[in-house]
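The following account leads the reader through one structure, from the overall fold to individual residues. Please keep the sequence and the coordinates in view while reading.

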Amino acid sequence: MSTSRRTELFAAGAAGVTVVLWASAFVSIRSAGGAYSPGALALGRLLAGALALGAICLVRREGWPPRTAWRGIAISGLLWFGFYMVALNWGEQQVDAGTAALVVNIGPILIALLGSRLLGDPMPPRLLAGMAVSFAGAVTVGLSMSGGGGSSVLGVALCLLAAVGYAGGVVAQKPALGRASALQVTTFGCLVGAVACLPFAGQLVREAGEAPLSATLNMVYLGVFSTALAFTTWAYALARTTASRMGATTYAVPALVVLMSWLTLGEVPGMLTLAGGALCLAGVAVSRSRARKAAAPETAPEPRADAREPSA
């Protein structure tokens with residue numbers, strides 16, 4: 001097996017880990033959200049994630065990221081780790097799950113547009129076709145899960161802002177990964193997000209004293225697995241492909257959320273929901289497939305082994 005093919009498989013595996021853990025996050029947020037307010041839940045999640053990541057950095061003796069990587073780390077930390085998490089937690093309290101999933105899933109489209117404009121990411125026909133199929137699936141899942149009268153203008157606006165923050169954070173993170181390691185970018189981005197959420201510290205302390213143990217454990221799970229591990233595997237994969245293709249991969253999340261809700265919460269999906277989930281997965285498969293003669297342009301070059309030093 002060639003080195004490039006092996007790298008591609010590792011990146012695909014890392015992306016798969018991310019998608020599964022992010023899908024599980026929706027189930028945990030639903031559980032913890034009943035005991036924690038949006039800001040407190042985001043701060044608790046980020047603190048747990050920062051502690052886990054900090055411990056790994058100490059073991060691996062990771063230093064500070066180079067100065068040239070800090071701009072991307074700071075922007076992604078504020079937009080994605082901080083703003084996105086608070087806005088999404090708040091939005092999901094105002095609208096039903098289907099509407100939230102539908103609105104947030106414009107994020108990959110925004111990533112593709114911003115990536116093409118700001119990063120020069122290619123937009124091959126397979127990627128565009130796959131995103132169209134996946135978005136149709138996300139719309140189907142969202143409409144099938146939406147409850148009557150469960151939405152509000154504020155909730156839709158918050159989910160839309162969360163999608164914008166997510167897209168902006170991903171595009172800002174991509175250049176930083178060319179100058180710092182995936183672990184460094186994730187760790188310090190998580191720290192930036194935690195610092196931005198410190199105004200919610202009082203709420204977190206107060207609500208932690210009253211919350212049931214299950215809600216607190218779900219918050220810790222969100223920090224350790226859905227943040228520390230999932231965002232690190234995401235950064236690893238993002239460093240080895242384009243932002244557009246990585247964004248399209250997240251369209252598998254709605255399908256997995258439906259499956260996990262079925263298995264863990266007993267929420268039996270209808271046929272329309274299952275059909276939408278199948279469309280999401282089919283679109284991801286198309287977007288990540290390669291035309292044999294156009295394989296090279298779709299993949300960003302593999303980062304240098306010494307990823308922490310600025311590129312020449």
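The paragraphs below take up the fold, the core, selected buried residues, the polar and sulfur-containing side chains, and the surface.

The structure is a predicted model. Its protein chain has 13 helices and zero strands, so that, by the DSSP assignment of helices and strands, the pattern read along the sequence is α-α-α-α-α-α-α-α-α-α-α-α-α. Of the 312 residues in the protein chain, 50% are buried. Contacts in the protein chain often span long stretches of sequence: among those between residues at least 6 apart, 91% join residues at least 24 apart. The protein chain exposes about 13,800 Å², and carbon and sulfur atoms supply 69% of that area.

The interior may be considered next. The largest nonpolar core holds 73 residues, of which Tyr36, Trp80, Tyr84, Val170 and Trp234 touch the most other members. Helix α1, covering residues 3-32, gives the most to this core, with eleven residues. As a general background, nonpolar side chains in soluble globular proteins tend to be buried together. Val170 offers a view of the packing from one of these core positions. With residues up to four places away in sequence left out, Val170 touches Trp80, Ile111, Trp234, Leu238 and Ala243. Two of these partners, Trp80 and Trp234, are themselves named among the core residues that touch the most other members.

Helix α10 provides two further buried positions. Ala230 is found in this helix, which comprises residues 213-238, and Ser226 is found in helix α10 as well. Ala230 counts as buried at 0% relative accessibility, and Ser226 is likewise buried at 0%. Which residues surround them? Leaving aside neighbours within four places in sequence, Ala230 is in contact with Thr18, Leu21, Trp22 and Phe225. Under the same exclusion, Ser226 touches Leu21, Trp22, Ser24, Ala25, Arg45, Tyr221 and Phe231. Leu21 and Trp22 thus appear in both sets of contacts. A further relation is given by Ala230 and Thr186, which are 44 residues apart in sequence and 9.6 Å apart in space, C-alpha to C-alpha.

Attention now turns to charged side chains. The structure holds one salt bridge. Glu62 forms it with Arg60, and the closest N and O atoms are 3.6 Å apart; because a salt bridge requires a side-chain nitrogen of Lys or Arg within 4 Å of a carboxyl oxygen of Asp or Glu, the pair qualifies. The two partners have unlike surroundings: Glu62 is buried, with a relative accessible area of 12%, whereas Arg60 counts as exposed at 55%.

Arg61 has a noteworthy backbone geometry. Its location is the loop between α2 (38-60) and α3 (70-94). Phi of Arg61 is near 60 degrees, a positive value in a residue other than glycine. Most residues other than glycine have a negative phi. At 75% relative accessibility, Arg61 counts as exposed.

How many disulfides does the structure contain? The count comes to zero. The reason can be followed through Cys190 and Cys197. The sulfur of Cys190 has its closest cysteine sulfur in Cys197, at 9.6 Å, which is too far for a bond; the converse also holds, because the closest cysteine sulfur to that of Cys197 is in Cys190. A disulfide would require two cysteine sulfur atoms within 2.5 Å. Both residues are withdrawn from the surface, with Cys190 buried at a relative accessible area of 0% and Cys197 buried at 2%.

The final topic is the surface. Leu259, Trp262, Leu263, Met271 and Leu274 form a nonpolar patch there, with about 540 Å² of accessible area together. Helices α12 (252-265) and α13 (271-288) each supply at least two residues of the patch, and α12 gives the most, with three residues. Leu274 illustrates the contribution of the other helix, since its place is in α13. Leu274 is partly exposed, with a relative accessible area of 34%; membership of a patch requires over 30% relative accessible area, and therefore Leu274 satisfies that condition.

Definitions and conventions
Residues numbered from 1 in each chain as written. Predicted model: local features only at pLDDT ≥ 70, side-chain atom pairs only at ≥ 80, totals over all residues. Heavy atoms only, no water. Core = buried A, V, L, I, M, F, W, Y, C linked by side-chain atoms within 4.5 Å. Buried < 20%, exposed > 50% of the residue type's maximum accessible area, 1.4 Å probe, protein only. Helix = DSSP H or I, 4+ residues; strand = E, 2+ residues; numbered from the N terminus. Contact = heavy atoms within 4.5 Å. Patch = residues over 30% accessible without salt bridge, like charges linked within 9 Å, V, L, I, M, F, W, Y side chains within 5 Å. Areas by Shrake-Rupley, 256 points an atom, 1.4 Å probe, with all protein chains shown as cover.
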